[in-house]
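Here is a short round of questions on the pockets and cores of one model. Each answer sets a value against its definition.

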Amino acid sequence: MKKYKVDEWKIVEEGFDPHRVEGSESIFSIGNGMMGQRANFEEDYTGESLRGSYIAGVYYPDKTRVGWWKNGYPEYFAKVLNSANFVGIRVKVDGESINLDKNKIVSFSRVLDMQHGLLQRNFVVELTNGNKIEVIAERFMSMARPEVAAISYSIRPLNSDVKVEIEAYIDGDVVNQDSNYNEKFWDEVSKGTTTKGGFLTMKTKKLDFNVCWNMEVCYSINEKSTNTKLVSAEHEKYVSNATEVAVAKEETLTIHKYVAVTSTLNHDLDKLVENSSEILSKAVAAKYATLKSEHTSKWLEKWQHADIIIEGDAEAQQGIRFCTFQLFQTYTGDDARLNIGPKGFTGEKYGGSTYWDTEAYCLPFYMATAGEHVAEQLLIYRYRQLDRAIENAAKLGFNNGAALYPMVTMNGEECHNEWEITFEEIHRNGAIAYGIYRYIGYTGDKSYLAKYGLEVLIGIARFWSQRVNWSEKRQKYVMLGVTGPNEYENNVNNNWYTNYIATWTMKYAAECIAYVKETDANKWAEIQEKISFNEASELSKWADIVEKIHLPYDEKLGIILQQDGFMDKEQILVKDLDPSQRPLNQKWSWDRILRSVYIKQADVLQGIYFFEEDFDMETIAKNFDFYEQRTVHESSLSPCVHSILACKIGDMERAMKMYLRTARLDLDDYNKEVNEGLHITSMAGSWMSVVEGFGGLRIKEDTLYFNPFIPQNWKSLSFKTIFRGRTIKAKFEGSKTTLTNESNEQLTVLVRDAKVTIPANGTVEV
């Protein structure tokens, strides 16, 4: 039985279950790219809850805790900071607190309206004196005014006149769930109250991020303003505004709480409170209805470009809209300093802001739905951190401008605290190079190479050329002591995916050097001098490695080997595993996992997905069948790759199974961990499953290409993609493909093997 009602535009929770509160706090999270929060209740709740409110770009460099130090180990683990709880509205009715952990609950429902970006809740409680109270709450983080949040909270007595006490507050006395020794990361700077609200300014204990939360509260009864007597209060890290109101039976008391959240990321310190007050004043003057209208209009505008429409399968439709919604809540592309955290604003697990997930999974989504500018911002983020990547490599003993991008970072420094990831999961470098390749192929923006991309590619290629070594025994280059995408293997030799993407990067970097040298010789000379590039010797070295790299292969089975020695493992397939032992990462010891054949996520198949043009269909099918049977999909990044490849080889059953698993991973809590937060970056993989899998979208010979493979129970599939300045809508229905060009220039595309020219502002059917 599903926890949430299946609805194409909404996530609906009916009935209150205290055991799923934390999971629902994740599912119903809201944000606007600049800030976000878990769906904690406004009123007091004393049951199990993970209170979380987060601000993009604000973090804390917590001291790394390890058993013993290793040279090159990161000095800190970056934590996305839980910040002040600003949604709080404490309510007492006839002296009894509204608290769903204590009250008798008559009814409860909660709705996440994804089309309009609204979190809504309605419940009725019966108090100990027999009074029944209905509460209707709605809130949003404004997409139109990213530093503004607004709450509407209504209280309606159903069977008696009552006295309602209300305290609206901002509470900065918060703690991160993962803090060492329960340390708190914020110090108070200043605070103050007004007749209708108050502000609280705090700064982080390290790095001195200053943030100001500023609130104002307005009251009405039956939509008519009421001038109640307001009492303000100040305590340590806390400001509040309280009142007492007599409410007659079936009257509705409504509190509108407006909050401005400003930080020194975007405001001068000496203007922080002043600017916050100005932003708040404008929001209050606009009033709740206008703020809501502005906000919902922005969401409708986003859906106009990004919506995927699946007719005939409500579960599939709800899943992909949930993923799209959460991605846009997390990142809007408005600030090149920001990136996409694996949990977004929904939880604290994984700490840092940026993983390889961005380039490998998120980039295609933003290119196609938000345009090349947003995608370019994600790549420039890495370019600006190139110096840090070179420093990271130097700490591990690499030289000559070799760049190792971090596994986890906020500012370019490595801040991951597991050695087998920090030192060994170096394939992340390849994903960043591949991101540049994919961006240029999709947008046609080759000028990006000379401006930014080429220096990054050379730094990464230099790293790979030093990370391999020559094996006299094999007469091949090898790469020892790595962890591939499959994190259920550590410290292996010659992970195929890592070796393959390393040599691909060197080959691609060489091609890009030749291109820039030919098209802009002066720029190439400038880059060459800047990075002291020895063209003859370095290119020769790269070519030698590309030609002589060891790529594990099993001749007998005719499959690529994940790494040396993979077939030494006991080959027990996933279907033969006792279901009670799943998920392995919660049931087995790490030692047992490492010795098993089980794969956490696509590894060889990740490489085949990236470089599918290098392999014939027989090779893809054989490797897919072999590795899929050994994959437990205990990484959120796994099912999407499998779904895309299953579409490629025509395996609809597994394509659909894996699609539902990726698109509904959190909604159906496949991995039993949704309480920790959502899997934001893998949601971009869900989008890829639809667009690249079922829609078959690729770029072939500089041309947009579709090869649809639509499930039989889907009446139709349609989506839009922005390609080189043109917006193309594709709709697949049965054997018919309808393509609409929503731009002023014609475009020629490929549908399977047919060349189709779509006129400007025109439609064609194939």
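Q: What makes a residue part of the lining of the largest pocket, and which lie nearest its centre?
A: The model is predicted. A lining residue has an atom within 4 Å of a pocket point. The largest pocket is lined by 33 residues, and Y434, Y437, R438, G441 and I699 lie nearest its centre. Its volume is about 1000 Å³.

Q: Which elements each supply at least two residues of that lining?
A: They are α4 (357-370), α8 (428-443), α10 (496-519), α15 (604-610), α19 (680-694) and β27 (698-700).

Q: How do the residues of this lining divide by class?
A: There are 18 nonpolar, two polar and 13 charged residues. G441 lies near the centre, and Gly counts as polar, so G441 belongs to the polar class.

Q: What is known of the second largest pocket?
A: It holds about 780 Å³ of space. Its lining has 32 residues, with K349, Y350, E418, E487 and K600 closest to the centre. Two or more residues come from each of α7 (419-422), α13 (584-587) and α19. By class, the lining has 12 nonpolar, 11 polar and nine charged residues.

Q: Why is Y153 called buried?
A: Y153 is a member of the largest nonpolar core, which has 224 residues. Core members are buried by definition, so Y153 has under 20% relative accessible area. Y153 touches I89, V91, F123 and L253, among others.

Q: What makes the second core separate, and which residues does it include?
A: Members of a core are joined through side-chain atoms within 4.5 Å. The second core is a separate set of 13 residues, including L118, Y258, A286 and Y288.

How values were computed. Residues numbered from 1 in each chain as written. Predicted model: local features only at pLDDT ≥ 70, side-chain atom pairs only at ≥ 80, totals over all residues. Heavy atoms only, no water. 1 Å grid on protein atoms, 1.4 Å probe; cavity = no way out; pocket = protein on both sides within 12 Å on 5 of 7 lines; lining within 4 Å. Points joined across faces, edges and corners; volume = space filled by probe spheres on them. Helix = DSSP H or I, 4+ residues; strand = E, 2+ residues; numbered from the N terminus. Buried < 20%, exposed > 50% of the residue type's maximum accessible area, 1.4 Å probe, protein only. Contact = heavy atoms within 4.5 Å. Lists of a residue's contacts leave out its neighbours within four places in sequence.
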